[in-house]
Amino acid sequence: MNNGGVLVVGGGIAGIQAAIDLANMGLQVYLVERTPSIGGRMAQLDKTFPTNDCSMCILAPKMIECASHQNVQLLTYSEVEDVSGGPGHFSVTVRKKPRYVDVTRCTGCGDCVEKCPRRVYDEFNVGLGKRKAIYLPFPQAVPRKVTIDAESCLYLTKGRCRVCEETCQAGAINFEPQEEMLELEVGAIVLATGFDPFDPTALEEYGYGRIENVITGLEYERLISASGPTEGHLKRPSDGKVPERIAFIQCVGSRDVNYKAYCSSVCCMHATKEAILANEHYPGLKSFIFYTDMRAVGKQFQEYLIRAREEYDVTYVRSRPGKITVDEETGNPIVWYDATVVKEAGDPVRRVTSMEVDLVVLCQALVPHGFHVEIAEKLGLTLDEGGFIAIQDKLLRPVDTTVPGIFACGFCQGPQDIPDSVVQASATAARVAESLTPLKEELEHA
Amino acid sequence: MPRTRVGVFVCHCGNNIGGVVRVPEVVEYARTLPNVVYAEDNLYTCSEEGLSSIREQIREQALNRVVVASCTPRTHEPLFQSTCEEAGLNKYLFEFVNIREHCAWVHMHDPARATEKAKELVRMGVAKACYLEPQEEFESEVFPAALVIGGGMAGMTAALALANQGIKVHLVERGPHLGGLVRTVQTLFPTEQATAEVVHPLIARVSAHSEITLHLESEVEDAAGFIGDFDVSIRSNGELQDLKVGTIIVATGAEELRPVGLYRYSELPNVVTQLEFEEKFKTGAELPDSVVMINCVGARVPERTYCGRFCCSTAIKNAIWLKEQNPQTNVYILHRDVMAYGVDIEKFYRRAMELGVRFVRYDLESPPVVLGEGRAEAVRVQHQLMGRELDLPADLVVLTTPLVPREDNERLAQLLKVPLGGEGFFLEAHLKLRPIEFATDGVYVCGSARYPSNIPESVSQAYAAAAKASIPIGEGLVRVAAITAVCDERACSACGNCVEVCPFGAIELREGRFGKSAYVNTAQCKGCGCCVAACPSGAMQQRGFDDRQLLCMIGALAEEMTDGTAAP
Amino acid sequence: MAQQPPESGGNGFEPRILVFACNWCSYAGADLAGVSRLQMPASCRVVRVMCSARVRPEFVISALCKGLDGVLILGCHPGECHYSEGNYFTRRRGLLLRKLLEYVGIEPERFQVRWVSASEGAKFAETVEQVTEQIKALGPNRPGIGLSTDPTRR
């Protein structure tokens, strides 16, 4: 088998799984991740449906396995700059962005982070709380090395400070380095760039950005996380009060010809999980999920919904609310809706009505990752109408892109949950192995 | 027998440990411990300097045990272990003591107590180290062949994926042809291609591949063994054939539910399932004027709570097909949520609506009623959104049913020592991160045998299973970390407790030199230690975590608890 | 440096508690507590095992008989055991063992089983605080209590 190696772009759970499988097959893997740590979206989740496993607990061993595998070279805080060539012989240029930290010396102790005076937007916590200019994205980061964000660092922008350098006992801070360009020769490329949440500000009727107590699903996830900015206490933004009633609005931007026509697939389960967690943390808390179709199609998903209804005080209301207003005094959002299934509304006559709650969670559409278009262009890939990586032969080769030798797994090629992403990741490993094995009598086009 | 010579390396970790714990004091103390012949402190034990020092001292001081007191074994144990190996010391003679995460970092305001605690932890670590024994990691050869059970889309894909990597595959199919469930489907979703166009070439490739041995009209009769070394008996046309394989993939699929007793299915001739619809009407029968499809028949009900996942897709596919044959046909789909998840299915749903397919939502508590004598003529449904009852004219009623587990899943599950879930489908090792593996190593599952999956999903799973199944074969060896359980036959009374508690079925009772005793299959053992704690005689022990080692840690901790005299 | 046993019941009694923590969940939770710099009493000494089910009752008994003030077994939450069933065995054993301890005259609160997952650094710290307080209130353990023979002799 050609061991020119494989490039995996994206260090979320799909990229990690693909890297592990490929490495176990004896191939040299270069795992390129844009942020300072692998882990992706799964690291931001508190629990995962339908098992309610602690997300980080099941992710961390995989991150460590990946990083410590002798066949995996982790290239975090790096980006794919350029690609040329063809299947079996791609030439890739990877830009390693400067961390300003010598990773061979940094022990991840975190002393520098404590002393850094500069606080900025925290991407991992989606803007709730702040991080420092020198930072570890989250406590279980792999690799456990700090990074200096050049745009926020006082020294790099204004020539002041350098407290981190003074504090570091290992002498790991180095303000000198230029970025590094790596030239790699690989036989195949796997894309696993994942997703971004859609910004619901555009849906003005829902008041995101205007009404404080209207938040997104990902923000809610960080609030309820034990390792999040409020240590798992569900404090609503306006006054820190714990909500007694929460409304979850599904399909915000999804299944909507004005924004994204497709279904983001995981939000029904995601909302159910969040509602269950809320009630678990605060018995007596009631949740209302405003849905169009409850898409719980996976293994043990229907049973999860039944539990939500029967044990966790979750009420499903079939409706796509028309607008959300706010009670200026209390900060309580008011959801205006028309319950299409009369029975669920508890009202014999179908009418437009309103429900006052303490917190609204918008389950927004999930879209392919922001710079996905750029990467697709560099690789010569086609995108489908949803903006996802187009698959040439959906039935027989569901992880093959339109370019031979390049494969795609996980959300970047279509909305899907963790098990489906992990399956696709392993599937790309099989396809890569196949494509790198000299063909004997296989008929490519039957 | 050489005397135990322990070397202790205590790390400052810059300021992290050294700023709280008085490291030199801990080193001094370590020197006083029994069997410790050498102790030093390092600024960073994990640095090149620190590691060199370990290697050097192993040689100079003839150390045969090494204890490092620093951070956490969860990140750094492999590093120190390989450092020991480089100096010629078996890596299982290394012990890690955590005095950072568990000590310095959590007692920052109490350096005196933190230092005392660090000393005690080192004392415990040294005590355990003295009882460590060199271990060899178990290696078992992997027979370079795989077995795929089931010749449908999943089975064929997995077989080809393996064969294309040069791996020999035995593909066992109980029927006379390859193809499985998809043989009864005429057009495929989402590409709307004719099945024959897609599946026949696939069948041809599988049949022609030199690495695939096809066993048609065959079934698995018996199976034994473990990863790398499975012995399987296949019955073909009455004859038994024995095969040896390294890994096994279960791709036996599932069956469409025949809804006997529901919606007058067995009673009326024009009430059919979706597959029956395909078979009859897509092959030339006269098309009806008005078709009513009822979804969730036998699914998402108290007796069968799961969702069939792609039955909505099937109904939509067939509804679109009907409309394309004749736009005048009335097509109604009665549903309780339209499971059109993702991009393609949602798009199809929208298209169906644009073509005039009417979707009617009904309630579980007021299911539709099929009306007519001798033939179905109409379907009465309580339209949940309109809040009133409708009678929909029907020349044909199509019942959308889920796939259900095959009846012989249980037999196969027992043969392969893998579990079934509550619904009767095969149960994977972990729903989230190991969806196509079993807890039993070397056996994998894909396609609807695991849970109803459409073709792209089944095919992805098949590729994934092939990837997993190819890895042990590619490595040629299965290597197991030497923390497995081992039974001392002389002390074993064959009570069987261990066999019962082992979550992986890795233990069996067998006749040995000293009569019947428990025997651990190291290749399957995961090193949890459940069996050890369940053993009444202490015959079962765990390498690296045996009773003596753990008890002496307890003893070491307690030893100076009294007024200086020895423990009772 | 020999430790003098603290006076029983008075101020200044600092319990010594043996903690068995499973590699996959509770040991990782303890690590996270450390990484998060959550401060806690210096009462606990952690022994790493692969699964909480590895812990034999005789370890607990041995520790208490030798005079340690308390024993804590930490495992994954039920349903999340890395080895699927181990923690169920731990739970059952724990219940029986408490009854046995009571029977031989050792306060059952000296032995506890708790569940801490890998992401629950705060819970680990809380658990250490709580258990330390509870055992402090009981006062120091008395070495040699309960059994006349050393169960560890083979």
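These questions and answers cover the chain interfaces, salt bridges and sheets of a predicted model.

Me: How many residues of chain A are in contact with chain B, and how many of chain B with chain A?
Reply: Contact here means heavy atoms within 4.5 Å. On that basis both sides can be counted. The chain B side has 73 residues, and the chain A side has 74.

Me: What area is buried between chain A and chain B?
Reply: Carbon and sulfur atoms give 57% of the area. In chain A, the residues that lose the most to chain B are A:Val297, A:Lys299 and A:Leu395, together 14% of what that side buries. The total buried between the two chains is about 6200 Å².

Me: Which element gives the most residues to the side of chain A that touches chain B?
Reply: Several elements give two or more residues to that side, among them helix H1 (13-24), helix H2 (55-68) and helix H8 (301-311) of chain A. Strand S25 (397-401) and helix H11 (418-436) of chain A are also listed. The top contribution is 13 residues, and it comes from H11(A).

Me: How many charged residues are on the side of chain A that touches chain B?
Reply: By class, that side has 37 nonpolar and 15 polar residues. The remaining class is the charged one, with 22 residues.

Me: What is the count of salt bridges between chain A and chain B?
Reply: One example is the pair B:Arg309 and A:Asp420, whose side chains meet at 3.3 Å, N to O. Polar contacts are counted separately, with 27 residue pairs between chain A and chain B. For salt bridges the count is eight.

Me: Which residue of chain C meets A:Asp111 in a salt bridge?
Reply: The count between chain C and chain A is one salt bridge. Its N to O distance is 3.9 Å, and the cut-off is 4 Å. The partner of A:Asp111 is C:Arg37.

Me: What area is buried between chain C and chain A?
Reply: Eight residues of chain C are in contact with twelve residues of chain A. In chain C, C:Arg37, C:Glu80 and C:Ser119 lose the most area to chain A, together 52% of what that side buries. Carbon and sulfur atoms give 57% of the total, which is about 750 Å².

Me: Why does the salt bridge of A:Asp358 and A:Lys241 tie together parts far along the sequence, and how many residues apart are they?
Reply: The closest N and O atoms of the pair are 3.4 Å apart. A:Asp358 lies in the loop between strand S21 (352-356) and strand S22 (359-364) of chain A. A:Lys241 lies in the loop between helix H6 (217-224) and strand S16 (245-252) of chain A. The pair therefore joins parts whose separation in sequence is 117 residues.

Me: In the sheet S8-S7-S6-S12-S23 of chain B, which are the edge strands?
Reply: The sheet is open, has five strands and pairs them in parallel. Its twist averages 20 degrees from one strand to the next. An edge strand pairs on one side only, and that holds for S8 (212-215) and S23 (443-445) of chain B.

Me: Which residue of S12(B) stands opposite B:Ile149?
Reply: Strand S6 (145-149) and strand S12 (247-250) of chain B run parallel and are joined by four bridges. Helix H12 (455-475) of chain B touches S6, S12 and S23 of that chain. Opposite B:Ile149 stands B:Val250.

Me: At what angle does helix H9 of chain B run to S16(B)?
Reply: S16(B) belongs to an open parallel sheet of order S14-S21-S15-S16-S17 in chain B. Four bridges join S16 (330-335) to S17(B), with B:Ile333 opposite B:Phe359. H9 (311-325) lies across S15, S16 and S17 of chain B, and its angle to S16(B) is about 170 degrees.

Me: Which residue in the turn between S19(B) and S20(B) has a positive phi?
Reply: S19 (378-383) and S20 (388-393) of chain B pair in the antiparallel sense over six bridges. B:Val381 stands opposite B:Leu390. The two strands form a hairpin with four residues between them. The phi in question is about 75 degrees, and the residue is B:Gly387.

Conventions. Residues are numbered from 1 along each chain as its sequence is written. Chains are lettered from A and ligands numbered from 1 in the order in which they are written. This is a predicted model: local features need pLDDT of at least 70, side-chain atom pairs count only at pLDDT 80 or more; totals for chains, interfaces and linings use all residues. Side-chain values use heavy atoms; hydrogens and water are left out. Buried area is the accessible area (1.4 Å probe) that two parts lose on being put together, summed over both. Two strands pair if DSSP finds at least two bridges between them. Axes are lines fitted to C-alpha atoms, for helices over the stretch in contact, and angles run from 0 to 180 degrees between N-to-C directions. A polar contact is a pair of N or O atoms within 3.5 Å; within protein, one must be able to donate a hydrogen and the other to accept it, and residues adjacent in sequence count only if both atoms are side-chain atoms. Ala, Val, Leu, Ile, Met, Phe, Trp, Tyr, Cys and Pro count as nonpolar, Asp, Glu, Lys and Arg as charged, and the others, Gly among them, as polar.
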